[in-house]
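Here are some notes to read with the structure open beside you. Take the points one at a time and find each residue as you go.

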Amino acid sequence: MPASGSALLPRLRTLLSFLAPHRRTLLLGLVLGLVANAAGLATPMVTKWVLDTLGSGEPMTRPIGVLLALVLVGALITLWQWRLLGTLAEQVVLDARTAMVGRYLRARVGDLHRRPSGELVTRVTSDAALLHQASGSIIGLVNSTIALLGTLVLMGVLDLFLLGCTIVAVLVVAAVMGVLLPRIAKATTAAQESVGRLGGTLEGTLRAIRTVKASRAEGRLGERVIADARDTAAHSVRAARISASVWTVAWTGIQLAVIAILGIGAWRAQRDLLEISSLIAFLLYAFQLMGPISELTQNVTALQAGIAAAGRIREVEAIGVESPATPAAVPLPAHRPAPEADTDQPVLAFRGVTARYGSDAPPAVSGIDLEIPRRGHTAIVGPSGAGKTTLFSLLLRFLEPEHGELLLDGRPYAAHSHDQVRARLAYVEQETPVVPGTIRDNVRFGHPDATEAELQEVLRAVQLAEKVDSLPEGLDTPLASTEVSGGQRQRIALARAMLRTPDVLLLDEATAQLDGLTEAALHECIRQRAAAGAVVTIAHRLSTVLDADRIVVLEQGRIRAQGTHAELLASDELYQKLVRALRIAADQDVVAAAVA
């Protein structure tokens with residue numbers, strides 16, 4: 001962090017924005033701190049009173065009683081303040097984490113994927129944790145500054161000459177700290193950035209651990225992760241060393257000042273320029289200076305770290321979020337069977353749609369005109385990069401078109417909210433990820449109110465009912481369990497999408513990890529769903545499209561051809577190459593004739 005005030009103030013305001021909702025609690029904490037400071041500042045003066053009373057032979061009851069009261073009140077007030085600020089700190093961290101998690105879940109998919117997921121996790125965990133101490137550092141700075149000034153004032157009341165000596169020592173210490181503290185902030189910021197990189201690299205490595213091991217790349221990936229860890233450690237060690245220097249300067253400076261004050265004070269007491277009781281009280285204040293200076297050092301360090309963390313947390317706000325529901329959006333039920341009169345109207349339609357993933361990126365799809373019938377199976381095929389996944393991203397509103405529009409039941413997507421569109425669709429990704437939790441949690445993920453009968457029905461449809469029944473915990477088996485294979489996880493994801501027949505079922509090659517018998521059964525299940533609603537498949541294994549009512553061939557982001565398997569096999573060269581490459585022709589004689 002730059003040392004200049006012009007650079008510091010905006011970042012300080014960023015930290016204060018996290019504390020603003022809790023201003024009343026902060027004010028109470030400040031008042032409590034001031035009361036505790038007052039009790040602490042009065043203690044040496046009351047100690048002088050005790051010593052003067054002792055010398056005069058008067059009763060000691062009153063001054064000792066006041067001294068005990070000050071100690072007790074100071075302890076209770078300090079306890080109250082610590083508990084108050086501790087609770088506040090946890091609430092600030094919770095608020096920051098809640099805001100970030102909410103931002104992530106509302107974010108546009110493309111914007112979210114541009115950042116390593118491990119780094120995003122680090123923002124929620126490590127960076128937010130740094131706000132804990134920083135949340136009370138501002139109050140600590142105010143209280144410790146007032147305590148420091150109050151101590152110096154009362155020292156001046158006792159002896160101005162000794163006060164001058166003390167101020168010189170404090171100024172020397174402050175000058176050294178002023179040089180070192182900005183370096184702590186810079187090192188802390190660099191350390192946090194290194195932690196983010198470490199989290200991103202480690203998360204990616206663990207996610208691909210099978211590939212890492214199969215490629216014998218443990219050593220290479222390990223070195224990359226360890227290099228990031230070393231970089232983090234180097235920055236953290238640098239910050240720790242600078243902090244150690246600050247602490248050493250502060251403590252040593254105060255101790256040397258106390259020794260000097262003791263010598264000068266003793267010399268003045270010998271010449272009757274200072275009372276012994278005043279010297280003792282002055283020394284108590286000198287020792288008390290260590291408290292405010294130590295607090296200042298700690299709070300400034302915590303503030304520096306908190307400012308760096310707050311800046312990184314606020315960077316999350318740069319992640320674009322999905323637009324809220326439009327005023328024109330009309331509430332629609334999650335599943336709306338079309339009347340017979342509407343069966344000719346496509347459930348989904350593209351009208352001249354062009355889309356890209358960035359303003360400088362080439363179009364991912366261009367001039368797409370496509371209708372998805374209300375019933376039937378539509379398969380989308382094409383070489384890698386043709387735009388198949390982009391079509392699904394547009395349908396699910398993960399990506400918005402640059403030109404053209406999409407229609408749902410004849411109404412533009414803009415007239416529907418994101419939730420209304422997605423409530424009509426069910427989606428199974430190619431990687432078929434499962435969410436944390438049990439099999440039951442995953443199957444009911446889109447419909448938490450689904451009944452046991454509905455769960456059993458859909459599990460039978462994907463041929464998973466017997467396997468689930470054989471598990472010791474049945475539907476309550478955690479998916480972290482090694483008893484659930486990759487193919488079974490894929491079927492769980494498919495069951496999740498097929499629960500409560502959706503209007504449109506989007507499958508990104510949902511049979512990729514299934515054995516032949518199970519795949520055949522699932523194709524039959526898809527045929528049954530296609531008879532009741534729309535099924536759209538991105539086909540990487542073209543065996544899937546043999547049952548499709550219509551096949552859409554994409555090439556370089558444009559629709560090249562449409563038709564049945566037989567029609568395209570006879571008329572489209574690219575489709576012939578796809579068939580030949582994947583060896584899925586139903587009739588080898590037809591293929592030979594078509595490509596001859």
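1. Start with Asp127, which lies in helix H5. Please keep in mind throughout that this is a predicted model. Is Asp127 buried or exposed? Its relative accessible area is 0%, so Asp127 is buried, the cut-off being under 20%. Leaving aside neighbours within four places in sequence, the residues in contact with Asp127 are Thr122, Gln192, Ala309, Arg312 and Ile313.

2. Helix H5 also holds Gly136. This glycine has a relative accessibility of 17% and counts as buried, because buried means under 20%. Now look for Ala89: Gly136 and Ala89 are 47 residues apart in sequence, yet their C-alpha atoms are 6.9 Å apart in space.

3. Stay with H5 a little longer, as it takes part in the lining of the second largest pocket. That pocket holds about 1200 Å³ of space. It is lined by 41 residues, and those closest to its centre are Trp82, Gly140, Glu295, Gln298 and Asn299.

4. Which helices build this lining? At least two residues each come from H2 (23-56), H3 (61-106), H5 (117-158), H6 (160-207), H8 (218-270) and H9 (276-314). The largest share, 14 residues, is supplied by H5. By residue type, the lining of the second largest pocket has 17 nonpolar, 23 polar and 1 charged.

5. Next, move along to strand E3, residues 376-381. Why can we call E3 largely enclosed by the rest of the structure? The reason is that 6 of the 6 residues in E3 are buried. In a regular strand, side chains alternate between the two faces of the sheet. You can follow this in E3: Gly376, Thr378 and Ile380 point one way, while His377, Ala379 and Val381 point the other way, and all are buried.

6. What are the partners of E3? One is strand E8 (residues 534-538), paired with E3 in the parallel sense over 5 bridges. Within that pairing, Gly376 has Ala534 as its bridge partner. Strand E9 (residues 550-555) also pairs with E3 in the parallel sense, over 4 bridges, and here Ala379 stands opposite Ile551.

7. Ala534 leads to a last stop, since this residue helps to line the largest cavity. The other lining residues there are Thr501, Pro502, Leu505, Arg529, Gly533 and Val535. They divide, with Ala534 included, into 4 nonpolar, 2 polar and 1 charged. The largest cavity contains about 30 Å³ of space, and a search of the whole structure finds 1 cavity of 30 Å³ or more.

Note on methods:
Residues numbered from 1 in each chain as written. Predicted model: local features only at pLDDT ≥ 70, side-chain atom pairs only at ≥ 80, totals over all residues. Heavy atoms only, no water. 1 Å grid on protein atoms, 1.4 Å probe; cavity = no way out; pocket = protein on both sides within 12 Å on 5 of 7 lines; lining within 4 Å. Points joined across faces, edges and corners; volume = space filled by probe spheres on them. Nonpolar A, V, L, I, M, F, W, Y, C, P; charged D, E, K, R; others polar. Buried < 20%, exposed > 50% of the residue type's maximum accessible area, 1.4 Å probe, protein only. Contact = heavy atoms within 4.5 Å. Pairing = 2+ DSSP bridges.
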